[in-house]
Amino acid sequence: MSHRPSLPVRINFVWEMLPFLLFGFLFVRLGFMKNLDSHPVATPPCLPEAARFLVWPIRGDLAFLNHGSFGSVPEPIREAYNAHRKRIESDPIEWIGRRAESCTMEVCNALGSFVDCDPAGIGLVTNATSGVGSVLRSLPLRAGDRLVTTDHVYNAVRMAMTHRARATGAVYEEVPIVMGPRLPLSLDPLASAIATGDPPALVVLDHVTSATGAVLRIEPIIQLCRTRGVPILIDGAHAPGMLPLSIRALDADWYTGNLHKWVCAPKGCGFLFAHERVREMTHPESISHLLDQGFWKEFSWQGTRDLAAWWTIPDALALWESIGWRAIREHNSALCTWGQSVIESAWKVEPLLARSTLNQGSMAIISLPSAIQQQWATPELLMSHLHDQHLVEVPVIPWQGKWHVRISAHLHNKPSDYERLARAIADSLS
Ligand SMILES: Cc1ncc(COP(=O)(O)O)c(C=O)c1O
């Protein structure tokens with residue numbers, strides 16, 4: 001007796017199998033995605049409802065995976081900025097000469113609520129570089145004093161510390177951070193450097209490191225510094241907007257941050273918070289008319305500058321507030337983690353750092369396959385190639401002898417941005 005099914009039964013069978021066949025075809029066709037089944041994070045997050053119609057000026061055809069360097073200003077914030085500029089230009093002496101102080105005070109009040117600190121301790125600056133510079137210039141340093149940081153320090157901060165050490169005879173020290181794919185980052189060597197020998201004259205510690213995007217556990221180091229009476233400055237250039245922040249709870253001596261990165265304020269919006277115990281000794285880098293009139297006044301006037309950028313800070317905060325900070329952070333962090341795992345699967349590379357180091361952050365470092373490093377003379381050439389040929393903007397970072405990319409996620413990013421980067425590199429290897 002034949003077991004061959006009759007024709008309608010065979011057609012039926014093919015029909016039922018069709019979705020599986022199609023899926024199989026797609027699975028093979030998208031070769032670079034064949035490792036997706038090993039993804040730790042299977043699906044990308046949805047955009048928060050209230051952010052769906054937000055207009056960004058970023059080119060529609062560009063996968064912009066470097067929000068971390070300079071951010072980007074969405075339309076509602078740019079409009080608010082233009083309105084402030086127009087108002088200033090309509091009556092310059094009134095706004096810059098007579099009303100600047102009260103407008104700047106409103107900014108500090110709004111910012112103080114956002115980062116949870118005393119607004120009287122907020123000095124507005126142009127950027128984190130200027131925040132760090134203000135602290136370095138304010139410290140009375142002598143020959144032999146120790147200026148201590150880690151090997152994850154941002155290069156411009158390294159230069160500022162080196163320069164100040166040179167001018168005063170102080171000693172610049174860089175302590176390694178212990179890291180690995182299965183290790184949480186360890187700040188133990190930094191703790192030993194603080195606890196042994198002469199107490200440092202200053203410790204500078206990143207909150208989110210630029211090279212790796214790791215979120216450091218800064219609290220124990222701040223506590224150690226407090227116990228030893230060592231002044232500590234937290235370089236939080238990336239933290240405001242990326243992480244929930246309570247400067248009050250951290251209790252560092254100084255905290256500097258940028259608002260033109262993750263808060264998407266216009267360029268030129270940074271701040272330096274000084275705790276009450278160091279406030280009187282802290283001066284802006286540019287000394288102007290208001291010397292000796294107290295910390296807040298000195299920072300409020302550092303010479304003629306673009307006050308409209310600072311005055312846009314509350315508008316930027318209000319926009320994100322209306323979408324919901326928690327939803328934004330959860331989205332950005334989840335999208336970054338998803339993108340990281342898509343790319344690592346496609347390139348078949350191990351995570352450089354334990355995933356826990358992302359710790360709610362929205363930047364991640366991914367090792368490039370080593371063959372890529374042989375194809376390009378410099379990281380800059382690879383970056384330009386990715387931009388010009390593949391419409392992907394991503395920083396290529398040489399770190400400890402190898403090249404990596406540092407991806408980021410904000411509300412303008414789509415899952416296809418990460419897939420495009422994954423494909424661009426995977427294709428150049430085949
Ligand atoms: C950790 C860190 N510190 C300081 C800075 C300096 O920021 P800015 O160039 O805005 O002064 C950056 C810039 O990316 C940074 O990543």
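A residue counts as buried here if 20 or more other C-beta atoms lie within 10 Å of its own, and as exposed if 12 or fewer do. Keep that in mind for what follows, and keep in mind too that this is a predicted model.

**The chain as a whole**

The protein chain carries 18 helices and 14 strands. Its C-alpha trace spans about 105 × 55 × 40 Å along the principal axes. Of the 430 residues, 42% are buried. If you take the contacts between residues at least 6 apart in sequence, 72% of them join residues at least 24 apart.

**Two domains and where they touch**

The domain assignment splits things into two parts, with domain 1 made from two separate stretches of sequence. Here is how they line up:

| Domain | Residues | Residues in the contact |
|---|---|---|
| domain 1 | 32–61 + 324–429 | 22 residues |
| domain 2 | 75–320 | 16 residues |

Measured out is not the word for a model, but computed over C-alpha atoms, the centres of domain 1 and domain 2 are 28 Å apart. With 22 residues from domain 1 and 16 residues from domain 2 in the contact, which elements of domain 1 give two or more residues to the side that touches domain 2? They are α15, β11 (363–367) and β13 (396–399). β11 gives the most, with three residues. By class, that side of domain 1 divides into 14 nonpolar, six polar and two charged residues.

**Helix α18, one side in and one side out**

Now for α18, which runs over residues 415–429. This helix has 15 residues and reaches 22 Å from its first C-alpha to its last, close to the 21 Å expected at 1.5 Å a residue. Its buried residues are Asp417, Tyr418, Leu421, Ala422 and Ile425. Why do they sit on the same side of α18? Because they cover an arc of only 135 degrees around the axis. On the other side of α18 you'll find Ser416 and Asp427, both exposed.

What do the buried residues of α18 pack against? Their partners are β1 (63–64), α15 (325–347), α16 (370–375), β12 (392–393) and β14 (402–408). So α15 turns up twice in this story: it packs against α18, and it gives two or more residues to the side of domain 1 that touches domain 2.

**Around the ligand**

The ligand is surrounded by 13 residues, and the closest are Asn127, Thr129, Tyr154, Ser210 and Ala237. Two helices, α6 (128–138) and α7 (155–168), each supply at least two residues of this shell. Sorted by class, the shell has five nonpolar, six polar and two charged residues.

Key: Residues numbered from 1 in each chain as written. Predicted model: local features only at pLDDT ≥ 70, side-chain atom pairs only at ≥ 80, totals over all residues. Helix = DSSP H or I, 4+ residues; strand = E, 2+ residues; numbered from the N terminus. Expected span 1.5 Å × (residues − 1). Arc of directions from axis to C-beta. Contact = placed C-beta atoms within 7 Å. Near = placed C-beta within 6 Å. Nonpolar A, V, L, I, M, F, W, Y, C, P; charged D, E, K, R; others polar. Domains from an automatic or database assignment.
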